[in-house]
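Here are my comments on the structure, set out as numbered points. Please read them alongside the sequence and the coordinates.

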Amino acid sequence: MSWTDAVVLALLGTGLAFYAAGSLGLLRFPDTASRLHALTKADNLGLGLVALAAALYWGSLAVAAKIALVWLFAVIAAGTTSQLLARRTRLDEARLHEPHPDAADSARDGGPR
Amino acid sequence: MTLAFDLILCLMILGTAGIALFVRDALAAIAFFIAFGNLLGLAWLSLDAVNVAMAEIAIGAGVTGVLLILARARLLALGDDAASAATPLWLRLGALAACAGFVVLLAAAVLSIPPESGLDRVVAPLMPGLGIENRVTGVLLAFRAYDTLLETFVLLGALVAVWSLAPAGAWPGRPADPGMADAPMRRVAGTFSQLLLPVALVMAAYLVWAGSDLPGGAFQAGTVLAGGLFVAAMGGAIGLPSSDRPLLRAALVLGPAVFLAVGLAGVAAGGFLVYPEGMAKTLIVTIEYTLALSIGVTLALLVAGTPVPGAAGPNPDGKG
Amino acid sequence: MWRVADWFTLAAIFLLLTVAAALVRCWRGPGPVERIMAAQLAGTGVIGVAVVLGTARGDAAFLDAALIGTLLAAVAVTAFVRGTPKPRAKG
């Protein structure tokens, strides 16, 4: 097994460990916000390491660029959805504590629109 | 090793499908359905059917998921609790028995097909005459183009059917503004969609171009375009057009119309949908590009829903 | 010893199992947000499987499928976080 193969396997293994950490975090963390951390950070880091391993193993620059694109958009999408989900969670929690949901809601999340 | 992968995948597909069917809460069912669509896409990949996998991931896990989520939101707004009633046990067992029986019949039929009698051997010698390498595209747009032509009109018909549900006084109008009410969400979604829409456009153009020789094609490209358009509408970057804008109607009809025109012109070359010698690839690529545009706009409007009275987009002129 | 491609196939199996673990959260998750998060993790996992499987088989078209999955993953979540439109129609 050459050095490249060893590096590829090491990266692959580390990426898988992060994926496992992401799933484990989603299962075991106590509340929504912490689960969001597991979802956003661990999984995408795992994807990055796995993608790096795949790109190294493939050896072609064009394919490596495509793999990099996949990871880049995954990260951007994850960053956006984490912000949106966190905001949604916050709005839901606020709504739970409102005495009159209809009146307060249109004031709280109506906004200028 | 691949067998282990396929077995685990099959179990997960059956599991998610079963849960999606029987769970009571609508959102749980939708989430499991999206996971099911993704896993089914993986199954197609494992079978080396990349064209179908792309379509499954884009449509099954992408657009249909959005459609279901929006439908649930509308149900909740109407006061429905978006949960299924409990089905009696005998009904579930009966359905399970019927489906299992059907699966056994289907498996027996598929396994009895001799391996050499696939369509590949028939199609392969005909491909050089077309000038494209992707056999799926060859079948869809050359050998069985009639079916694809009808499918595009069916899609247009589905949009007309959705539009026909508009309440009186709302026609012709805009669909309800899908933008977000909450200002921070709107900003985040807006920024994201300003990045996503151009990328989706490039990706769609690439998929149609690659679809000639590599896996890809008009339907997959159109779905990616629809996703980009709808996210842009949700982020407030574009507004949804009113149904009577001529440019919109032109975009909707362009794909099927070009397809039909090429088909009719083919009568001069020998028959309906016959491509003249040497022009097959050009015509196929032209049809696919226009089709991708029409499919993208049609799907985005399907997801957006019926026109509602008094709806106004964030830009009064809308998307021209 | 296995070839490197076999290790990639093993990685695909492992990633499938992490997706299965996420789906447990989809089943249990006490609220709609948890379920959508689990669906999203399933999506990221499936993209990982597509990349890894494509590497094992040497087929670059799998990466195009993964790219499509990435682009459309955020659409469902964005549609979900809109929340329930108010009974009075917007605009």
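1. B:Trp209 is best classed as partly exposed, because 15 other C-beta atoms lie within 10 Å, whereas a buried residue would need 20 or more and an exposed one would have 12 or fewer. This tryptophan belongs to helix α8 (residues 183–210) of chain B. B:Trp209 is also paired in space with B:Tyr289, for although the two are 80 residues apart in sequence, their C-alpha atoms are 8.3 Å apart. As with everything that follows, this should be read as a statement about a predicted model.

2. On confidence, chain B has an average pLDDT of 88, and 97% of the residues score at least 70. Among the elements of this chain, the highest mean pLDDT, 94, belongs to helix α2 (residues 26–46) of chain B, and the lowest, 81, to helix α5 (residues 120–123) of chain B. Residues 315–320 of chain B deserve separate treatment, since their pLDDT is below 50, although the model gives this stretch 11 contacts beyond near neighbours in sequence. Where pLDDT is low, the predicted coordinates should not be read in detail.

3. What secondary structure does chain B contain, counted in helices and strands? Chain B has 11 helices and zero strands, and its pattern along the sequence is accordingly written α-α-α-α-α-α-α-α-α-α-α.

4. The overall dimensions of chain B agree with those of a compact globule, because 320 residues would lead one to expect a radius of gyration near 20 Å and the model gives 22 Å. Taken along the principal axes, the box filled by the C-alpha atoms of chain B is roughly 60 × 55 × 35 Å. Buried residues account for 42% of the 320 residues in the chain. Of the contacts in chain B between residues at least 6 apart in sequence, 77% join residues at least 24 apart.

5. Helix α9 (residues 218–234) of chain B offers a simple check on geometry: at 1.5 Å a residue, its 17 residues should span 24 Å, and the end C-alpha atoms are 24 Å apart, which agrees. The helix α9(B) is mostly covered, with 17 of its 17 residues buried. After α9(B) comes B:Gly236, which has a positive phi, near 85°.

6. Chain C presents another case, with three helices and zero strands, arranged from the N terminus on as α-α-α. The chain is more spread out than a compact globule, because its radius of gyration of 17 Å is well over the 12 Å that the globule rule gives for 91 residues. The C-alpha atoms of chain C fill a box of roughly 65 × 30 × 10 Å along the principal axes. Of the 91 residues of chain C, 68% nevertheless count as buried. Among contacts in chain C with a separation of 6 or more, 46% come from residues 24 or more positions apart.

7. The contact between the two chains involves 57 residues from chain B and 44 residues from chain C. On the side of chain C that touches chain B, α1 (4–28), α2 (32–57) and α3 (61–81) of chain C each supply at least two residues, and α3(C) gives the most, with 16 residues. Which classes of residue make up this side of chain C? By class, the side of chain C that touches chain B consists of 33 nonpolar, six polar and five charged residues.

Key:
Residues are numbered from 1 along each chain as its sequence is written. Chains are lettered from A and ligands numbered from 1 in the order in which they are written. This is a predicted model: local features need pLDDT of at least 70, side-chain atom pairs count only at pLDDT 80 or more; totals for chains, interfaces and linings use all residues. Helices (H or I, at least four residues) and strands (E, at least two) are DSSP runs, numbered from the N terminus. The expected span of a helix is 1.5 Å times one less than its number of residues. Two residues are in contact if their C-beta atoms, placed from the backbone, lie within 7 Å. Ala, Val, Leu, Ile, Met, Phe, Trp, Tyr, Cys and Pro count as nonpolar, Asp, Glu, Lys and Arg as charged, and the others, Gly among them, as polar. The radius of gyration is taken over C-alpha atoms; the globule rule is 2.2 Å times the number of residues to the power 0.38. pLDDT is the predictor's confidence in each residue, from 0 to 100.
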